Amino acid sequence: MLAAPSTCICETPTVRLSCPSSPVAAAVGTCARSHACVATSAASGALVCSRQSSLKTRAWRDITCQARSAPSSVAASAPIASSTLSLGIDCGTSGARAILIDGGGKIVHESQIPFDKLKSEDWVGPWTRAFTDLLKQLPQGLKNNISSLCIDGTSSTALLVDSRRGDILAPTKIYNEDQGAEAFEATKAIAPEWHCARGSTSTLAKLINWHNSGTWQQAKEDGYSPVLLHHADWLASLLTGRRDTSDWNNTLKLGYDPEAQCYPDWLLAQPYAGLLPPRVLEPGKAVGTITDQMAELTGLPKACTVCAGTSDSTSAFIAAGVQGPGEAVTSLGSTFAPKLLSKTRVDNAFYGVYSQRIGDSWLVGGASNTGGAVLKEFFTSDQLKELSAQIDPDQPSGLDYYPLTKPGERFPVNDPHLEPRLTPRPDSDVQFLHGMLEGMANIEARAYGLLRELGAAPLTKVYTAGGGSKNPAWLKIRERKLGVPVVASTQVEAAYGSALLAQRRAAMPV
């Protein structure tokens with residue numbers, strides 16, 4: 001049996017391995033809508049949906065224009081006049097970050113706390129401690145003015161929770177935790193061929209494993225009421241006491257259809273359908289307010305609205321300042337992830353392309369295995385800076401590289417055996433680096449070209465996040481290859497994007 005979190009928190013869940021439960025309180029609805037708007041491209045096999053959303057436009061420009069004009073983050077609290085503030089919390093892979101913004105999108109406070117996980121400990125304990133400490137440490141003078149908050153978490157991280165009391169009924173399944181061949185095959189047997197729920201690390205695969213192992217069934221026999229919650233869902237539940245709510249983006253890899261706004265029939269027909277979060281909201285929409293106990297523990301106002309969250313990657317996209325369809329964010333970290341805003345939904349499991357809904361638009365993207373990790377195999381950070389300064393970005397390198405750390409690529413080429421191509425290596429380290437940066441730019445251009453071929457909006461501008469955004473030569477090489485403006489993102493923290501979502505909650509009625 002797992003130990004309960006060491007931090008005392010009102011209604012803190014008890015963590016159990018012996019697994020208990022009983023039926024989910026709220027029934028999960030089905031959807032009888034026609035999906036005539038969905039068509040499959042014979043050439044690409046991609047699911048493309050061009051139907052206009054029937055929902056009211058969510059003023060995308062109003063949300064993101066602040067991200068573009070907001071000042072850089074501050075390490076400590078900035079003095080401000082009394083006004084309503086919005087709080088964004090990013091709970092990532094290594095720690096939790098909080099960003100407070102005012103009505104103009106200016107950051108007035110930023111803080112972070114690393115996770116202190118022990119090897120023998122489940123993730124629930126470190127998350128609980130970091131989350132509550134982060135909230136308690138916010139300056140009280142600012143905290144009193146917080147009117148809304150929104151939380152983002154890692155996509156496909158899943159918890160099995162008792163819907164009545166919050167007990168944790170099984171070990172947490174982390175976002176990249178492979179569920180094995182049996183669960184993978186089971187997702188392929190029920191999910192459509194184009195769906196991102198088909199995968200060994202998807203939330204659906206994790207739910208299937210809990211079913212195959214008898215985990216939730218035993219919990220139910222022991223008198224509990226099991227429900228699956230995602231990372232962001234569970235953190236929000238600590239504040240609101242509601243353990244029935246998720247959002248469009250986190251439920252995507254579980255099988256939820258954000259366009260039809262319901263779970264599909266193929267998922268509702270499964271014996272574990274009762275574990276699905278019954279209430280799925282648009283990110284930023286009001287979930288509830290802070291419980292009396294949590295208001296007392298954290299110092300947050302009782303009237304503070306807790307909004308439906310999203311995934312960390314989606315919040316980071318919002319933070320970048322994208323203004324409309326055709327604009328994109330390329331994250332240049334250890335790997336490379338392009339994401340493009342489009343009016344058209346595109347899903348293609350073969351290339352790992354899927355769409356997350358944002359208002360009446362779609363965030364279309366995939367992920368490549370190229371990126372900064374390859375550069376670090378050959379150069380130190382100081383060498384990269386020194387050598388990059390000597391590159392002429394307006395001239396071709398004369399090399400044809402496909403930089404990878406090991407064989408295998410997923411997007412824009414799906415080939416698990418694709419070999420890295422980093423030869424011939426010239427005598428000049430400057431030319432070698434030039435070729436690597438140009439090779440990655442070629443991959444990026446090919447990626448956005450593929451998204452266009454699959455039905456996404458044509459590329460008009462690229463914002464850059466991650467370490468690669470600080471390399472001027474690389475930015476210019478990419479601009480030459482992409483044929484559109486390439487700029488560094490002003491804001492790169494996911495917590496800032498979540499704060500913007502919280503700020504928009506007034507325009508998103510319950």
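These notebook entries record what I looked up in a predicted model.

Conventions. I number residues from 1 along each chain as its sequence is written, and side-chain values use heavy atoms, with hydrogens and water left out. Local features need pLDDT of at least 70 and side-chain atom pairs count only at pLDDT 80 or more, whereas totals for chains, interfaces and linings use all residues.

Entry 1, cores. I looked up the largest nonpolar core (buried Ala, Val, Leu, Ile, Met, Phe, Trp, Tyr and Cys residues joined through side-chain atoms within 4.5 Å; buried means under 20% relative accessible area with a 1.4 Å probe, protein chains only). Among its 44 residues, Leu 375, Leu 433, Met 436 and Leu 451 touch the most other members. Strands E13, E14 and E17 and helices H11, H12, H13 and H14 each supply at least two residues of this core (DSSP runs, helices H or I of at least four residues and strands E of at least two, numbered from the N terminus). H13 gives the largest share, 12 residues.

I then listed the contacts (heavy atoms within 4.5 Å) of Leu 451: beyond four places in sequence, they are Leu 340, Val 353, Val 364, Phe 411 and Ala 456. I also noted a second, separate core of 39 residues, including Leu 87 and Phe 115.

Entry 2, helix H15. I found 10 of the 10 residues of H15 (residues 494–503) buried, so this helix is largely enclosed by the rest of the structure. Tyr 496 and Gln 503 are among the buried residues.

Methods. Buried < 20%, exposed > 50% of the residue type's maximum accessible area, 1.4 Å probe, protein only.
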